[in-house]
Amino acid sequence: EARESRGRMLREKGEGAGAVEPRNGAENGAAAVVVEEEHELTRKRPRDDEDGERDGAAAEDASGRGAEPRASEGGAAAAHDRARLDAQARAKRETVEIAQLEAGGALHAAPPPECAPSRELEALFVLPAVLKRQLVDDWEFVTKERKLVQLPRDVTVQALLRLWLSSKAKARGGVVDQACKDVAEGLELYFDAALGNMLLYRFERAQYNRLVLLTTQRGDVFQASKVYGAEHFLRLLTKMPVILSKLNVDSADITTIADNCADLAKFIQFNGKLFFLVDYEVADESYCALANETD
């Protein structure tokens with residue numbers, strides 16, 4: 001009985017130990033989960049703290065940005081005002097520059113579409129590079145430096161054309177081609193008719209008006225080709241496509257005129273030192289005032 005009693009006790013203990021094991025296993029498992037959760041929470045806390053710090057920084061940044069839009073809005077408005085003022089100043093400068101170019105004659109109103117010369121016609125009247133540079137110098141003297149050609153010129157347009165015909169006669173044994181004579185006569189007539197309308201810069205108009213007035217007061221008829229020289233005649237050669245486009249001239253005559261103008265341009269270029277001034281005279285204050293009134 002004592003052995004049975006001890007055996008029962010051992011069995012009860014064993015069964016009790018066996019019964020406890022599962023519970024301990026579950027508790028250990030639960031404890032492991034809790035530990036894992038605690039570790040997870042522990043691992044999460046720094047992130048949460050970091051998130052909290054980031055959130056705090058974001059909140060501060062947001063609060064800072066909350067003030068920034070107002071500051072940036074003020075800066076944007078100031079920048080917009082500066083841009084607007086710069087645009088206005090730029091537009092004003094451009095207007096002044098355009099006005100200066102127009103006053104100097106650098107900008108010419110385009111002829112009406114029906115009078116605009118064709119590219120083929122323009123290609124027939126191309127000046128040599130040396131004479132193009134002469135035109136640029138001429139423009140700068142008058143429009144930029146406010147200078148004038150001394151008039152009357154020593155070699156006038158009329159004298160220049162006669163010298164050209166004389167050179168042609170020498171080259172052909174004393175005989176001048178009738179076409180050359182016709183072209184020279186036509187160019188002289190074109191120059192007289194075109195000078196006051198399309199060959200003067202605005203700064204020169206007062207000088208022209210004064211010359212016309214003095215001539216008429218003497219009872220004479222003003223003839224530009226007897227007063228002006230190569231400086232202004234060169235401007236006529238650049239206008240020939242426009243002039244011819246307004247006239248009823250057949251293609252054969254246009255070719256003849258273009259060929260003779262090309263020959264005449266070479267003659268002018270070769271004798272440039274004889275025909276062109278090295279420098280123009282500076283206009284005095286009284287003339288500048290008169291020129292401004294004329295404008």
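Angles of 65 to 115 degrees between axes count as roughly perpendicular. The exercises below use a predicted model.

**Exercise 1. Describe how helix 4 and helix 8 are set against each other, and what lines their contact.**

Step 1. Take the geometry. The axes of helix 4 and helix 8 (residues 251-270) come within 11 Å. They cross at roughly 100°.

Step 2. Apply the cut-off. An angle from 65 to 115 degrees is roughly perpendicular, and helix 4 and helix 8 are therefore roughly perpendicular to each other.

Step 3. List the partners. Helix 4 brings Leu160, Leu161, Leu163, Trp164, Ser167 and Lys168. Helix 8 answers with Asn260, Asp263, Leu264, Phe267 and Ile268.

Step 4. Sort by class. The contact of helix 4 with helix 8 has seven nonpolar, two polar and two charged residues.

**Exercise 2. Do the same for helix 5 and helix 7.**

Step 1. Helix 5 spans residues 178-198, and helix 7 spans residues 230-245. Their axes come within 10 Å and cross at roughly 95°.

Step 2. That angle makes helix 5 roughly perpendicular to helix 7.

Step 3. From helix 5, the contact takes Leu187, Tyr190, Phe191, Ala194, Leu195 and Met198. From helix 7, it takes His232, Phe233, Leu236, Lys239, Met240, Val242, Ile243 and Leu244.

Step 4. By class, the contact of helix 5 with helix 7 holds twelve nonpolar residues, one polar and one charged.

**Exercise 3. Place proline 241: is it buried or exposed, and which residues does it touch?**

Step 1. Locate it. Proline 241 sits in helix 7.

Step 2. Check accessibility. Buried means under 20% relative accessible area. Proline 241 has 5%, so it counts as buried.

Step 3. Find the partners. Leaving out residues up to four places away in sequence, proline 241 touches Pro117, Leu121, Glu122 and Phe125.

Step 4. Compare sequence and space. Proline 241 and glutamate 122 are 119 residues apart along the chain. Their C-alpha atoms are separated by 5.5 Å.

**Exercise 4. Work out the surroundings of arginine 153 in its loop.**

Step 1. The loop runs between strand 1 (147-148) and helix 4 (157-171). Proline 152 is found in that loop too.

Step 2. Look at the backbone. The peptide bond from leucine 151 to proline 152 is cis, with omega near 0°. Most peptide bonds are trans.

Step 3. Check accessibility. Arginine 153 has a relative accessible area of 8%, so it is buried.

Step 4. Find its polar partner. The side chains of arginine 153 and glutamate 231 are joined by a polar contact of 3.1 Å.

Step 5. Add the other neighbours. Beyond four places in sequence, arginine 153 touches Val227, Tyr228, Gly229, Glu231, Phe275, Phe276 and Leu277.

**Exercise 5. What is notable about phi of arginine 146, and which residues does arginine 146 contact?**

Step 1. Arginine 146 is in the loop between helix 3 (129-144) and strand 1.

Step 2. Read the angle. Phi of arginine 146 is near 55°, a positive value in a residue other than glycine. Most residues other than glycine have a negative phi.

Step 3. Check accessibility. The relative accessible area of arginine 146 is 31%, so this residue is partly exposed.

Step 4. List the contacts. Setting aside neighbours within four places in sequence, arginine 146 is in contact with Phe141, Phe203, Val282, Ala283 and Asn292. With asparagine 292 there is a side-chain to side-chain polar contact of 3.4 Å.

Step 5. Span the sequence. Arginine 146 and cysteine 288 lie 142 residues apart in sequence. C-alpha to C-alpha, they are 8.2 Å apart.

**Exercise 6. How many disulfides does the structure hold, and are cysteine 180 and cysteine 261 buried or exposed?**

Step 1. The structure holds zero disulfides.

Step 2. Cysteine 180 has a relative accessible area of 2%, so it is buried.

Step 3. Cysteine 261 is buried as well, at 5%.

**Exercise 7. Summarise the whole protein.**

Step 1. Count the elements. The protein has ten helices and two strands.

Step 2. Order them. Along the sequence the pattern is α-α-α-β-α-α-α-α-α-α-β-α.

Step 3. Gauge burial. Of the 295 residues, 31% are buried.

Step 4. Gauge contact range. Take contacts between residues at least 6 apart in sequence: 84% of them join residues at least 24 apart.

Conventions:
Residues are numbered from 1 along each chain as its sequence is written. This is a predicted model: local features need pLDDT of at least 70, side-chain atom pairs count only at pLDDT 80 or more; totals for chains, interfaces and linings use all residues. Side-chain values use heavy atoms; hydrogens and water are left out. Axes are lines fitted to C-alpha atoms, for helices over the stretch in contact, and angles run from 0 to 180 degrees between N-to-C directions. Helices (H or I, at least four residues) and strands (E, at least two) are DSSP runs, numbered from the N terminus. Angles under 35 degrees count as roughly parallel, over 145 as roughly antiparallel, 65 to 115 as roughly perpendicular and the rest as oblique. Contact means heavy atoms within 4.5 Å. Ala, Val, Leu, Ile, Met, Phe, Trp, Tyr, Cys and Pro count as nonpolar, Asp, Glu, Lys and Arg as charged, and the others, Gly among them, as polar. Buried means under 20% relative accessible area, exposed over 50%, partly exposed in between (1.4 Å probe, protein chains only). A disulfide is a pair of cysteine sulfur atoms within 2.5 Å. A polar contact is a pair of N or O atoms within 3.5 Å; within protein, one must be able to donate a hydrogen and the other to accept it, and residues adjacent in sequence count only if both atoms are side-chain atoms.
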